[in-house]
Amino acid sequence: MPDHRHDRRIKLMQDLFACTFNSGSVENCLKNKPKDSIVYQILADLNSIDEQIHKVAPERPLSDVNKVDLAILRLIVFESISKKTPKKVLLNEAIELAKDYSGEKSPGFVNGVLAKILLTE
């Protein structure tokens with residue numbers, strides 16, 4: 001049976017990736033996305049989300065992080081703030097997304113960053 005939450009997160013991660021791929025695409029997405037959409041809300045809170053990511057991984061500037069990994073991190077950090085989803089569920093989901101959509105080392109990187117953010121709050 002398909003997991004609709006997983007499918008929804010895949011779509012959100014892909015939309016977020018598309019909206020942050022180029023330098024001007026964030027502003028363009030903010031203009032074109034409905035204000036009540038999750039992607040709009042993530043983009044509107046991007047500075048705060050990115051600050052949390054940077055705090056736990058200061059050795060990797062966000063500009064050097066794989067764009068898919070960054071979309072996954074941003075999505076999961078936002079969901080951890082805005083919903084009551086259990087932290088371990090979010091961590092497992094992020095690792096699965098990284099395995100399916102990113103590079104070989106991505107699951108470990110995503111796990112390390114999110115474990116510091118989610119499990120030490």
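Here is a short chat about side-chain contacts in this predicted model.

Student: How many salt bridges does the count come to?

Tutor: The cut-off is a Lys or Arg side-chain nitrogen within 4 Å of an Asp or Glu carboxyl oxygen. Glu 79 and Arg 9 make one such pair, at 2.7 Å from N to O. By this rule, the count comes to six.

Student: Okay, which helices do Glu 79 and Arg 9 sit in?

Tutor: Their side chains meet in a salt bridge, and the pair links distant parts of the chain, 70 residues apart. Arg 9 belongs to the helix covering residues 4-20, and Glu 79 to the one covering residues 67-82. So that's H1 for Arg 9 and H5 for Glu 79.

Student: Is Arg 9 buried or exposed?

Tutor: Buried means under 20% relative accessible area. Arg 9 comes in at 5%, so call it buried.

Student: And which residues are linked with Arg 9 in a network of salt bridges?

Tutor: Start with Glu 79, whose side chain meets that of Arg 9 at 2.7 Å. Arg 9 also meets Glu 93 in a salt bridge, at 3.7 Å from N to O. That second pair spans 84 residues, from helix H1 to helix H6. The residues linked with Arg 9 are therefore Glu 79 and Glu 93.

Student: What's the relative accessibility of Glu 93?

Tutor: Glu 79, in that network with it, is buried at 4%. Glu 93 counts as buried too, because its relative accessibility is under the 20% cut-off. The value for Glu 93 is 9%.

Student: Now Glu 51 and Lys 55: about how many helical turns separate them?

Tutor: Their side chains meet in a salt bridge at 3.9 Å, N to O. Both sit in helix H4, residues 46-56, and they're four residues apart. Glu 51 is partly exposed at 48%, while Lys 55 is exposed at 59%. Because of that four-residue spacing, the separation is about one helical turn.

Student: Switching to rings, is the pair of Phe 17 and Phe 21 stacked, tilted or edge-to-face?

Tutor: The count comes to one aromatic pair. Its ring centres, in Phe 17 and Phe 21, are 5.3 Å apart and the planes are at 50°. Planes under 30 degrees apart would be stacked and over 60 edge-to-face. So this pair is tilted.

Student: Last one: which residue lies over the face of Phe 109?

Tutor: For a charge to sit over a ring, CZ of Arg has to be within 6 Å of the ring centre and within 35 degrees of the ring normal. Here the distance from the ring centre is 4.4 Å, and the residue is Arg 60.

Methods. Residues numbered from 1 in each chain as written. Predicted model: local features only at pLDDT ≥ 70, side-chain atom pairs only at ≥ 80, totals over all residues. Heavy atoms only, no water. Helix = DSSP H or I, 4+ residues; strand = E, 2+ residues; numbered from the N terminus. Buried < 20%, exposed > 50% of the residue type's maximum accessible area, 1.4 Å probe, protein only. Phe/Tyr/Trp six-rings, centres within 6.5 Å; stacked < 30°, edge-to-face > 60°.
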